[in-house]
Each structure stands twice: as C-alpha cells, then as structure tokens.
Amino acid sequence: MEEEFALQDRDFRTLSKLVMDTAGIVLSERKRAFIHGRLSRRLRALGLNNFSQYCKLLETSDGDSELRNFINAVTTNHTSFFRESHHLDHLARVILPELMTANSDTRRIRIWSAGCSSGEEPYSIAMAIHNSGKSLAGWDVKILATDLDTNVIAHAARGIYDAERAEGIPAAMKNRFTTVQDGNVVMNDELCDLITFAHLNLLERWPMSGPFDVIFCRNVVIYFDKPTQTRLFNRYADITKPDGWLIVGHSENLLGITDRFELVGRTIYRKVGP
C-alpha cells in the first residue's frame, strides 16, 4: 500500500505550491511524511491509484470540491482550553476594564479569534470575560471565531468536547460554564451566545469590516512565509481599532514583520497610530 501511494518529488512540489497559493502555508520537506499520511486517506476515499492522479484532479474544475478536503487534510489543528493562559489573564484583568472605559459610549466590544481550530480558544476567551467580575449587562460583546478548516469549525460550533479535552478548564469555570452529557463536556448558552463561528481563509477577502478591539492570532502565522506574515499583520492593523490589541503565540513575534503594533507584554501587542 505504501508503494502504491508513493509520493513522488514532482507531486510533492505540486501539492506544496497549491497549498501555498491557496492558504499561504509553507510545506517544508520535513512535512513530507505528514502530508503523505494525511493525503493517502483521500486517495483511498476517492479510489485513486497514485498522487499524480490526485494532483491532476485538484488542477481541474472537477477538483474544486476536493480542494476543501485537501486543505482540511494538510492543516494542523493543535489547541487546548486555556492555552497560554497569561493571555486570558491579561484580557480579564487589563484589556476588558480598559475597553469598558474607552467604549462606555457605544457599550460595544468586538474580539476576533483568528485560526480558532476546534473552538477551545474562543470558548476560553468567553469564560475569561464572564469570569472577570465585570458585568456585561447592557453591553454588546461578540467574539468572531474563524478557521480555514471546515471540519474543525463544525466541531467547534457544536460546543461538545470529550472529558479529556476539557481537562484544561479550571474546575470552578467548568462547574459554572459547562454541563456533562453522556460523558462529554458541553459549553453552556452563556458562552455560545457570545461566539459566532465561520469558515475563513485569511489570505482571501474578509467579509467583516470590524473594527476589532482585540485579535487573537496565536500559533497561526508560523506556517506562513515572511511576506505573507507582513501582509496578514498589516491587514490586522487595518481592521483593529486605534490602541487595539493583537495577541500572538508564544513562538511568534512581529520583529521585522510590521511596525504597526508595539510589544506591551508577553506576545501581547497594541496598535500604533490610527
């Protein structure tokens, strides 16, 4: 079976270019085994004999529907509840109080979880907001949660997680914001009402106009090359309110990428200028 689905150099180059052009994701040679394993399942599902046939399918109009399956297959989705919890602490202790003062006239707060994967991040953000001690009565607070992978977005929108996945939720918050059904942990309406889930390719046109007060884009741009990162962060700046926040992952930084945000904490940035 392995020889049947041998991934030739030319096919790997074709697939790498396609995922770069479509999603901005760089597939290095060290990702070859990962890509082979993920896409071999698609070949079996489609009844194809080799990767050359798969590449030809993707390059035709008949392959448009398969393109989404291809992107879903090569996308890495690793996340957890309250990952890099210092960001959520900063949101609750610093950002939210500042926003409730700055936005007291509109009583409106908008947060974007870009690259939300299977939903643990936006649900964690919603818990941090509700647990901050600040009353949201009379406030219009919304979290937009988007991802490239349609499968994980569908999972996130259901708001149901197995008990092991939910272990990262602090006990007090788990008791307050979730219920257990058939052994699974279910997010309650108080959280779900804050969040809108949607499919979005960050490299394509964005249907929303913003402006956003806070953007979480954590552990997403590590898969992009530098020019793509620059374009993306400048687009974030365009859609962020003056003095708004951008929060990135622990291994990411904006040094040499853009000067439109300044570092104010551990991988926490604020927009510079209008």
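**Buried positions in helices α1 and α5**

In the predicted model, Asp11 is in contact with Phe51, Ser52 and Cys55 when residues up to four places away in sequence are not counted. Asp11 belongs to helix α1, which comprises residues 9-23. Although Asp11 is buried, no salt bridge is formed by its side chain. The nearest side chain of opposite charge is that of Arg10, at 4.2 Å; because a salt bridge requires a side-chain nitrogen of Lys or Arg within 4 Å of a carboxyl oxygen of Asp or Glu, the Asp11 and Arg10 pair is not counted as one.

The chain as a whole contains 10 helices and 10 strands. Its radius of gyration is 20 Å, close to the 19 Å given by the globule rule for 274 residues, so the chain is as compact as a globular protein of that length. Along the principal axes, the C-alpha atoms occupy a box of roughly 60 × 50 × 30 Å. Of the 274 residues in the chain, 50% are buried. Contacts between residues at least 6 apart in sequence were also examined, and 74% of these join residues at least 24 apart.

Helix α5 spans residues 85-102 and has 18 residues. The distance from its first C-alpha to its last is 24 Å, close to the 26 Å expected at 1.5 Å a residue. A kink of about 40° is present in α5, with its centre on Leu91. Leu91 is also one of the buried residues of this helix, the others being His87, Leu88, His90, Ala92, Ile95, Leu96, Leu99 and Met100. The elements covering the buried residues of α5 include helix α6 (120-130) together with β1 (108-114), β7 (212-217), β8 (240-248) and β10 (268-271).

Leu99, a residue of helix α5, illustrates this environment. Its relative accessible area is 6%, and Leu99 is therefore classed as buried, the cut-off being under 20%. With residues up to four places away in sequence not counted, Leu99 touches Ser104, Ile109, Trp139, Asp213, Val214 and Trp245. Among these partners, Val214 lies 115 residues from Leu99 in sequence, while the two C-alpha atoms are 9.7 Å apart in space.

Asp11 and Leu99 thus provide two views of buried positions in the model: Asp11 is buried without a salt bridge, and Leu99 is buried with a relative accessible area of 6%.

Technical notes. Residues numbered from 1 in each chain as written. Predicted model: local features only at pLDDT ≥ 70, side-chain atom pairs only at ≥ 80, totals over all residues. Heavy atoms only, no water. Helix = DSSP H or I, 4+ residues; strand = E, 2+ residues; numbered from the N terminus. Expected span 1.5 Å × (residues − 1). Bend = angle between axes of the 7 residues up to and from the residue. Buried < 20%, exposed > 50% of the residue type's maximum accessible area, 1.4 Å probe, protein only. Contact = heavy atoms within 4.5 Å. Lys, Arg positive; Asp, Glu negative; His and termini not counted. Rg over C-alpha atoms; globule rule 2.2 N^0.38 Å.
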